[in-house]
Amino acid sequence: MTASFLIRRIGYGLLLMLGVVVLNFLLIRLAPGDPAVVIAGEMGGATEEMLESIREEYGLNKPLIVQLGIYVGNVATGDLGESFFFNQPVATLIAQRILPTILLVVTAQVLSIAIGVFLGVLAARKPNGVMSAFVSVFATIGYAVPVFWTGIMLIILFASVLPMFPVEGMQSVKLRDASLFVQMLDILHHLILPAFTLAIIYLAQYARLSRASMLEVLGSDYIRTAKAKGASERSILFKHALRNAALPILTVAGLQFGNLISGALLVETVFNWPGMGRLAFDSILRRDYPTIMGVLFFASAMVVIANILTDMSYRLADPRLRGKG
Amino acid sequence: MTNEISPQQVTAYKAESPALEAWRMFRRNIPALVGVVLLTVIILATLYGTFFYSGDPFDIVWAPHEPPGVAPEFPLGTDYLGRDIIAGMLTGGGPTLAVGAVAAAITMVIGIAMGALSGYYGGWVDNLLMRVTEFFQVLPALLFAMVLVTLLSPSLFTIAFAIGVVSWPQTARLTRAEFLKIKNLEYVTAARAIGAKDKRIIWTVILPNALPPLIVSATLTVGVAILFEAGLSFLGLGDPNVMSWGLMIGANREYILDAWWPVTFPGLAIFFTVFAVSLIGDGLNDAFNPKLRER
């Protein structure tokens with residue numbers, strides 16, 4: 001991987017983020033009514049002094065292009081405005097909630113890829129077998145179930161029928177003072193249901209995709225060669241075939257990341273997971289626009305970073321791309 | 001028995017258009033037919049169900065949390081306010097389906113326009129439009145749709161519009177790829193050689209030939225849009241004056257441990273609708289790509 005590629009990719013990512021900032025700016029202006037009132041929040045009951053200070057801070061009585069400049073400058077220095085509901089800077093609010101979201105999304109992504117690919121590989125061994133039929137049916141069902149409803153069904157199941165996992169929040173109150181290790185276990189325990197809920201949809205898609213991708217690869221000459229030289233089935237499937245079938249899976253994994261964040265928003269709401277999605281939901285109900293825009297900004301940044309990481313791993317996985325700028 | 005082909009047979013063979021051939025394949029696909037039947041039943045129930053079963057889904061008609069199958073007047077029970085669940089199920093599907101269809105139409109119009117221009121003209125047009133597409137792919141779709149709906153104030157149309165605005169990039173990419181594949185084929189060159197203008201080539205030469213994958217994608221987009229609408233209504237961002245399946249789940253969410261039925265039935269309705277749509281989509285895909293059927 002060349003450094004110039006990385007620099008170019010990061011530069012492009014920053015450009016996309018600038019786009020998000022401009023979009024945020026335009027969205028606030030798109031809202032009907034006085035932007036100062038919109039920023040203060042319609043539920044806030046803002047006083048005239050507050051409105052005046054907002055007009056001052058955002059330069060709302062200056063020309064639009066100057067306002068845009070001020071806004072971009074503010075964001076660039078980490079100032080995403082103030083939440084008038086929480087009476088805290090938006091950046092602080094998000095900083096408190098970004099880690100739980102990353103934990104949830106990354107766990108769901110890892111779970112869905114690991115289990116999905118494994119099922120897909122097993123299914124590809126026999127294209128007309130039981131496992132293949134299961135993967136197809138499961139993929140169609142997984143696509144059709146609303147993720148928030150899966151979560152609710154799991155809560156009903158695990159809260160009343162099989163009380164094995166906690167169904168709400170991220171930590172038990174009674175363990176707040178326990179040792180770090182116990183707290184970590186507690187968080188993992190709380191993570192299981194939300195992460196699985198989020199993973200199920202994508203798990204089904206990865207299973208179907210990796211089955212198709214494996215079937216394509218398993219027909220190629222080098223697999224026949226591997227078979228001829230007497231390699232074991234496991235080594236053929238996981239060593240020879242999967243490595244080559246992995247590229248389409250990686251592509252989709254990168255593209256799915258944005259959808260995963262959208263799903264996390266619903267899952268966090270259902271499970272009361274204290275992340276950015278939950279914050280976005282609460283803020284939208286309160287029309288707390290600075291916070292909503294801050295979440296949109298950070299969620300987009302997560303997608304941009306995930307895309308850069310995908311591009312990098314793509315180059316690591318495919319030696320043919322390495323030499324190219 | 002002779003091997004000669006009669007003139008009638010020749011005409012019969014010629015008469016089969018690609019669309020007819022696809023229909024023949026589709027007709028034999030049992031899951032796809034199940035999907036068609038299921039979707040028809042659901043659409044008929046949401047359109048005409050209230051003729052046979054009247055009742056306002058917002059009316060409080062009975063004690064709260066009546067379990068299903070106990071009171072004969074309310075076979076699916078009542079919700080946390082004592083509202084009839086069947087009435088909600090029958091009236092709540094219409095908005096969901098309508099928003100799904102309109103949102104998918106908006107998605108296809110924007111996506112096809114962007115993809116067609118990008119793929120056909122190439123060069124700086126392609127570059128610009130693809131950067132715009134990438135930008136829209138960076139925004140988490142549901143979050144962006146939530147922001148749009150809140151800013152525009154929720155109504156069925158603004159919801160459909162918001163879903164369309166956040167979902168078109170994939171269609172644009174697909175259309176672009178199809179246009180790139182088709183635009184250098186001989187019949188396009190031939191059309192250009194007889195003096196057809198760009199507009200004519202895009203609309204009457206390339207687009208009809210790019211339609212099969214786009215039809216499949218449109219079907220699946222309807223499914224995604226229905227899930228989107230359900231998600232937004234669940235979060236309480238739907239039109240508050242319109243009953244919908246998502247809203248039923250969202251409204252009863254706090255009480256799931258006391259009563260499972262007010263959330264379970266609407267969820268099943270959403271599931272079966274999207275399931276039917278995706279069976280149809282898969283069937284169309286198989287019908288248009290007979291070679292893929294082996295997989």
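Here is a short conversation about how some features of this predicted two-chain model get their labels.

Colleague: Let's start with chain A, then: how many helices and strands does chain A have?

Modeller: Chain A has 13 helices and 2 strands. Its C-alpha trace spans about 80 × 55 × 40 Å along the principal axes, and 40% of its 325 residues are buried.

Colleague: What makes A:I223 partly exposed, rather than buried or exposed?

Modeller: A:I223 has 17 other C-beta atoms within 10 Å. Buried would need 20 or more and exposed 12 or fewer, so A:I223 is partly exposed. This residue is in helix α9 (residues 221-228) of chain A. Beyond four places in sequence, A:I223 touches A:V217, A:L218, A:I236, A:H240 and A:A241. Take A:I236 from that list: A:I223 and A:I236 are 13 residues apart in sequence, with their C-alpha atoms 7.0 Å apart in space.

Colleague: Why is A:N87 called exposed?

Modeller: Only 12 or fewer C-beta neighbours are allowed for that label, and A:N87 has 8 other C-beta atoms within 10 Å, so A:N87 is exposed. You will find A:N87 in the loop between β1 (82-83) and β2 (88-89) of chain A. A:N87 also has a positive phi of about 60°, although it is not a glycine.

Colleague: And in chain B, what makes B:S153 exposed?

Modeller: The cut-off of 12 or fewer applies again: B:S153 has 10 other C-beta atoms within 10 Å, so B:S153 is exposed. B:S153 lies in the loop between α6 (141-152) and α7 (156-182) of chain B, and has a positive phi of about 60° without being a glycine. Most residues other than glycine have a negative phi.

Colleague: Turning to helix pairs, why is α7(A) called oblique to α8(A)?

Modeller: The axes of α7(A) and α8(A) come within 9 Å and cross at roughly 140°. Roughly antiparallel requires an angle over 145 degrees, and 140° is also outside the 65 to 115 range for roughly perpendicular, so α7(A) is oblique to α8(A). Here A:V147, A:T150, A:G151, A:L154 and A:F158 in α7(A) meet A:L193, A:T197, A:L198, A:I200 and A:I201 in α8(A). The residues of this contact divide into 7 nonpolar, 3 polar and no charged.

Colleague: What makes α9(B) roughly antiparallel to α11(B)?

Modeller: In chain B, the axes of helix α9 (residues 198-234) and helix α11 (residues 261-288) come within 8 Å and cross at roughly 170°. That angle is over 145 degrees, so α9(B) is roughly antiparallel to α11(B). Among the contact residues are B:P212 and B:I215 of α9(B), and B:I270 and B:T273 of α11(B). The residues of this contact divide into 14 nonpolar, 6 polar and no charged.

Colleague: How many residues does each chain bring to the contact between them?

Modeller: Chain A brings 40 residues and chain B brings 36. On the chain A side, the helices that each supply at least two residues include α1 (3-30), α8 (180-218) and α12 (289-317). That side divides into 31 nonpolar, 8 polar and 1 charged.

Colleague: Which residues touch the most other members of the largest nonpolar core?

Modeller: They are A:A280, A:V295, B:L143, B:A145 and B:M146, in a core of 166 residues. Helix α8(A) gives the most to this core, with 17 residues. Apart from neighbours within four places in sequence, A:A280 is in contact with A:L265, A:I292, A:V295, B:L143 and B:M146.

Notes: Residues are numbered from 1 along each chain as its sequence is written. Chains are lettered from A and ligands numbered from 1 in the order in which they are written. This is a predicted model: local features need pLDDT of at least 70, side-chain atom pairs count only at pLDDT 80 or more; totals for chains, interfaces and linings use all residues. Two residues are in contact if their C-beta atoms, placed from the backbone, lie within 7 Å. Helices (H or I, at least four residues) and strands (E, at least two) are DSSP runs, numbered from the N terminus. Ala, Val, Leu, Ile, Met, Phe, Trp, Tyr, Cys and Pro count as nonpolar, Asp, Glu, Lys and Arg as charged, and the others, Gly among them, as polar. Axes are lines fitted to C-alpha atoms, for helices over the stretch in contact, and angles run from 0 to 180 degrees between N-to-C directions. Angles under 35 degrees count as roughly parallel, over 145 as roughly antiparallel, 65 to 115 as roughly perpendicular and the rest as oblique. A nonpolar core is a set of buried Ala, Val, Leu, Ile, Met, Phe, Trp, Tyr and Cys residues joined through C-beta atoms within 7 Å.
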